[in-house]
Amino acid sequence: MAAITLDNVVKTYPDGFMAVKGVDLEIADGEFVILVGPSGCGKSTLLRMIVGLEDITSGELRIDDQVVNDKAPRDRNLAMVFQNYALYPHLSVYENIAFPLRLTKGQFSDEEIDERVRKASSLLELDEHLERKPANLSGGQRQRVAMGRAIVRQAQAFLFDEPLSNLDAKLRGQMRTEIARLQRNLATTTVYVTHDQTEAMTLGDRVAVLRRGELQQVASPRGLYDQP
Ligand code: ADP
Ligand code: ADP
């Protein structure tokens with residue numbers, strides 16, 4: 001778990017387009033921040049810079065008190081959950097969840113991997129589906145496997161990019177409750193991108209509103225719409 005600080009962070013794409021225009025944001029250790037704003041305002045760009053999939057043009061990104069601008073994604077130890085799940089179709093649920101640990105080649109023993117996979121799948125109520133393949137799971141179950149992969153690493157923070165947007169309304173409601181419960185249990189720092197008003201109003205400690213690459217306001221969900 002860690003605090004994440006953005007200090008005047010700018011992203012200019014190679015074609016000259018400035019997608020993020022000097023964002024300042026301090027996310028406390030264990031805090032749940034929702035990032036909202038219209039399509040194209042720079043939400044994904046910001047998440048991708050935090051996780052390390054996109055270079056920062058200028059400004060500073062710190063995890064706890066360390067500047068991580070030039071660190072590779074794997075050295076930041078942040079876990080990103082995408083809307084399209086990105087599961088491996090030929091691997092079982094168990095192996096999908098274990099995958100990030102196997103990638104570290106020898107850092108974890110088989111016993112440790114097994115212990116972590118079982119703990120994550122129990123938290124997500126996937127225990128009974130460990131041998132199944134993603135194709136045989138429901139949308140909600142697939143989303144849980146994707147979350148299991150984030151949890152199993154015991155990452156310093158979770159970054160969600162519209163994780164529920166491919167689910168139907170009922171499942172979305174269930175998963176919303178589950179994500180809120182998980183985040184409370186694990187107390188992992190979380191940045192969550194959504195354009196869903198209900199998610200924005202119910203999930204986070206604070207909501208950050210992004211427009212055309214600039215932070216317009218940061219407030220508690222209740223304070224957000226009461227301002228002059
Ligand atoms: P959001 O996630 O809020 O929909 P994005 O971060 O995906 O927004 O995009 C922000 C802006 O940056 C958009 O105008 C988009 O077209 C532009 N953009 C994204 N990726 C690139 C890129 N690789 N090159 C140039 N412009 C890009
Ligand atoms: P989202 O709306 O979910 O952020 P997009 O469809 O905007 O996704 O972008 C998908 C991918 O295309 C991203 O990797 C983004 O960086 C890239 N992209 C978006 N806009 C542009 C652009 N104008 N030029 C080049 N690449 C872009």
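**Pockets, sheet and cavity**

At least two residues of the lining of the second largest pocket come from α4 (110–123), and at least two come from α5. The model is predicted. α4 gives the largest share of this lining, four residues. The second largest pocket has 12 lining residues in total. Nearest its centre lie Lys119, Leu123, Ile151, Gln154 and Leu186. Its volume is about 190 Å³. By class, the lining splits into eight nonpolar, two polar and two charged residues.

Now turn to the largest pocket. It holds about 780 Å³ of space. Its lining counts 25 residues. Leu78, Ala79, Pro100, Leu103 and Arg153 are the ones nearest the centre. Four elements give two or more residues each: α2 (73–76), β6, α3 (93–102) and α5 (139–152). The largest share, four residues, belongs to β6. Here the lining has 18 nonpolar, three polar and four charged residues. α5 thus serves the largest pocket and also the second largest pocket.

Strand β6 leads on to the sheet. Six strands form an open sheet in the order β6-β7-β8-β3-β9-β10, and the pairing is mixed. β6 (78–81) and β10 (214–219) are the edge strands. Each has a single partner strand, so one side of each has no neighbour in the sheet. From one strand to the next, the twist averages 20 degrees.

Look next at one pair within the sheet. Strands β7 (residues 157–161) and β8 (residues 189–193) run parallel, joined by five bridges. Ala157 faces Thr189 of β8 across this pair. Helix α1 (residues 43–51) packs on the sheet. α1 touches β3 (32–36), β6, β7, β8 and β9 (206–211). Its direction makes about 150 degrees with that of β7. Helix α6 (residues 169–186) packs on the sheet too, touching β3, β7 and β8. The direction of α6 makes about 160 degrees with that of β8.

What lines the largest cavity? The residues are Val81, Met147, Ala150, Ile151, Phe158, Phe160, Ile179, Leu182, Gln183 and Thr190. α5, β7 and α6 each give two or more of them. This cavity has a volume of about 80 Å³. The structure holds one cavity of 30 Å³ or more. Eight of its lining residues are nonpolar and two are polar, with no charged residue. Ile151 lines this cavity, and Ile151 is also among the residues nearest the centre of the second largest pocket.

Another pairing involves β1 and β2. Strands can pair in either direction, parallel or antiparallel, through backbone hydrogen bonds. β1 and strand β2 (residues 18–27) run antiparallel, with seven bridges between them. Leu6 has Leu25 in β2 as its bridge partner. The two strands form a hairpin with five residues between them. In this hairpin, Gly16 takes a positive phi near 95 degrees.

Which residue forms a salt bridge with Lys11? The partner is Glu54, and the closest N and O atoms are 3.6 Å apart. This pair links distant parts of the chain, 43 residues apart. Lys11 sits in strand β1 (residues 4–12), while Glu54 is in the loop between α1 and β4 (58–63). In total, the structure holds 10 salt bridges.

Note on methods: Residues numbered from 1 in each chain as written. Chains lettered and ligands numbered in written order. Predicted model: local features only at pLDDT ≥ 70, side-chain atom pairs only at ≥ 80, totals over all residues. Heavy atoms only, no water. Pairing = 2+ DSSP bridges. Axes fitted to C-alpha atoms, helices over the stretch in contact; angles between N-to-C directions. Contact = heavy atoms within 4.5 Å. 1 Å grid on protein atoms, 1.4 Å probe; cavity = no way out; pocket = protein on both sides within 12 Å on 5 of 7 lines; lining within 4 Å. Points joined across faces, edges and corners; volume = space filled by probe spheres on them. Nonpolar A, V, L, I, M, F, W, Y, C, P; charged D, E, K, R; others polar. Salt bridge = Lys/Arg side-chain N within 4 Å of Asp/Glu carboxyl O.
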